[in-house]
Amino acid sequence: MHRVRGISGMPLRRIALAVFVLSVSVLTGCANFYVDPVLKDVSPADMNKISAPKPVQLLFEFQTKGVQNSRATDRLRDQVIEQVKASGLFSIVDDKPVAEGAILSLTINNVPLTDDAAAKGFVTGLTLGLAGSQVSDGYVCTLKYIGPGGKDPIVKTERHVIHTVLGAKGAPEGMTKSDNAEAAVRTMTKQIVGNALKDLSYDRSFK
Amino acid sequence: MSFTCILRGIGSACVVLVLALFAGCAATMGQPQASIEDVQAIRGAQLPPVAVGDFSLASGVDPAIDTSVGIRATSLKSPIDGSFAQYLRQTLIAELRAAGLLEQTSTTVIQGVLADRQVDAGMRTGSGKLTARFTVKKRGTSVYDREFTATSTWDSSFIGAVAIPAAINEFTLLFRKLVAMLLADPEFRKAMLS
């Protein structure tokens with residue numbers, strides 16, 4: 001009887017086991033998540049004070065490798081809306097057009113930093129976690145603001161990183177572990193959006 | 001080709017984290033949303049306010065086309081009445097509302113018919129297609145009628161946990177692409193302004 005073999009001659013049963021172990025690792029706590037300290041928390045007090053805040057229409061989108069990820073957007077939208085409201089930079093924050101027509105667009109794009117992330121996870125899975133590995137996710141936040149009557153947007157960009165450690169590999173140096181993946185993503189989002197808003201507040205064109 | 005080389009091609013760093021958070025067993029698309037590019041484009045065209053009318057599945061088409069689409073072992077459904085035609089309608093509404101052009105009392109009405117949808121999360125390359133016909137009626141008289149097909153291809157993977165979320169995102173994006181094609185069509189704009 002012939003064994004069913006997958007790509008590169010690897011038995012499909014072994015591939016399936018590796019995928020299963022990887023999935024279990026990620027979803028049950030053998031994967032640990034660390035938000036890189038590259039960006040710090042930004043509070044409303046850190047923003048440049050705006051004398052006469054204007055209303056703004058907010059559009060937010062989370063992307064995965066540049067492609068709209070609507071389910072992730074749904075999960076993070078309320079947090080981002082509340083953060084923009086709390087910033088004090090705008091009098092009204094709405095998803096519909098506002099008086100004077102100002103628009104604020106926030107996009108967070110999840111981009112790969114480790115080309116062979118799946119391979120690393122696979123190896124960790126195949127060795128039941130003994131061979132730990134670390135992969136890093138990059139996030140690029142692009143803020144575009146078109147002021148009342150304006151045409152050319154003010155553009156600000158911030159970058160952030162979340163490190164995922166699988167298996168027996170130790171924690172990245174100097175980093176604090178997040179409670180779980182969602183906590184890491186929410187912290188990353190809060191910091192990357194906060195820093196982008198802070199940059200906007202200090203832009204001379206922003207009034 | 002070595003096993004390592006093959007593995008290197010099947011994934012990216014974003015996979016592990018995003019999968020853990022957002023993929024799971026979910027098989028429902030996210031809510032339609034507007035993009036700043038489309039909103040700016042629509043505003044620039046200075047179109048008049050418009051209503052969005054009925055959207056439905058084309059007659060004679062298998063009803064399953066409207067209710068779900070299989071992506072490997074996952075059955076993907078629309079969050080809007082379980083209908084891809086209604087998802088297309090809501091996508092159009094989201095774009096028009098964000099641009100300040102939605103006015104449901106307008107006598108100019110956009111209607112749509114979903115003709116086809118396809119998605120294939122292949123082992124190496126994924127592909128998707130969405131076809132719909134849009135009509136514009138002014139006071140009941142048809143002034144525009146055109147079919148569009150939005151297509152997409154992307155890097156896929158033999159690992160379902162990588163390929164399925166990517167296919168869901170790309171398939172969802174097709175709805176926005178299709179609406180963008182309509183709103184950018186010079187004949188559509190001409191009809192709207194006539």
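This passage describes a cavity, a buried strand residue, and a helix with the segment after it in a predicted model.

The search for enclosed space in the model gave one cavity of 30 Å³ or more. The space in this largest cavity amounts to about 30 Å³. Chain A is represented in the lining by A:Gln68, while chain B is represented by B:Pro32, B:Gln33, B:Tyr87, B:Thr91, B:Thr172, B:Phe175 and B:Arg176. Two helices of chain B, H5 (84-98) and H6 (160-184), each contribute at least two residues to the lining. The largest share comes from H6(B), with three residues. Sorted by class, the lining consists of three nonpolar, four polar and one charged residues.

A second site examined in chain B is B:Leu114, which belongs to strand E4 (residues 108-121). B:Leu114 counts as buried because its relative accessibility is 0%, and the cut-off for that class is under 20%. Leaving aside residues up to four places away in sequence, the contacts of B:Leu114 include B:Ser56, B:Leu57 and B:Ala58, as well as B:Ile65 and B:Asp66. B:Leu114 also touches B:Phe84 and B:Ala85, together with B:Leu130, B:Thr131 and B:Ala132. The C-alpha atoms of B:Leu114 and B:Ser59 lie 9.3 Å apart in space, although the two residues are separated by 55 residues in sequence.

In chain A, helix H4 covers residues 181-201, 21 residues in total. From the first C-alpha of H4(A) to the last, the helix reaches 30 Å, close to the 30 Å expected at 1.5 Å a residue. A polar contact is found at the start of H4(A), where a side-chain oxygen of A:Asn180 comes to within 3.2 Å of the backbone nitrogen of A:Glu182.

The segment after H4 of chain A contains A:Asp203. With a relative accessible area of 16%, A:Asp203 is classed as buried, since the class requires a value under 20%. A polar atom of the A:Asp203 side chain lies 2.7 Å from the backbone nitrogen of A:Ser205. Beyond residues up to four places away in sequence, A:Asp203 touches A:Ile154 and A:Lys156. Side-chain polar atoms thus approach backbone nitrogens both at the start of H4(A), from A:Asn180, and in the segment after H4(A), from A:Asp203.

Note on methods. Residues numbered from 1 in each chain as written. Chains lettered and ligands numbered in written order. Predicted model: local features only at pLDDT ≥ 70, side-chain atom pairs only at ≥ 80, totals over all residues. Heavy atoms only, no water. 1 Å grid on protein atoms, 1.4 Å probe; cavity = no way out; pocket = protein on both sides within 12 Å on 5 of 7 lines; lining within 4 Å. Points joined across faces, edges and corners; volume = space filled by probe spheres on them. Helix = DSSP H or I, 4+ residues; strand = E, 2+ residues; numbered from the N terminus. Nonpolar A, V, L, I, M, F, W, Y, C, P; charged D, E, K, R; others polar. Buried < 20%, exposed > 50% of the residue type's maximum accessible area, 1.4 Å probe, protein only. Contact = heavy atoms within 4.5 Å. Expected span 1.5 Å × (residues − 1). Polar contact = N/O pair within 3.5 Å; in protein donor to acceptor, adjacent residues only side chain to side chain.
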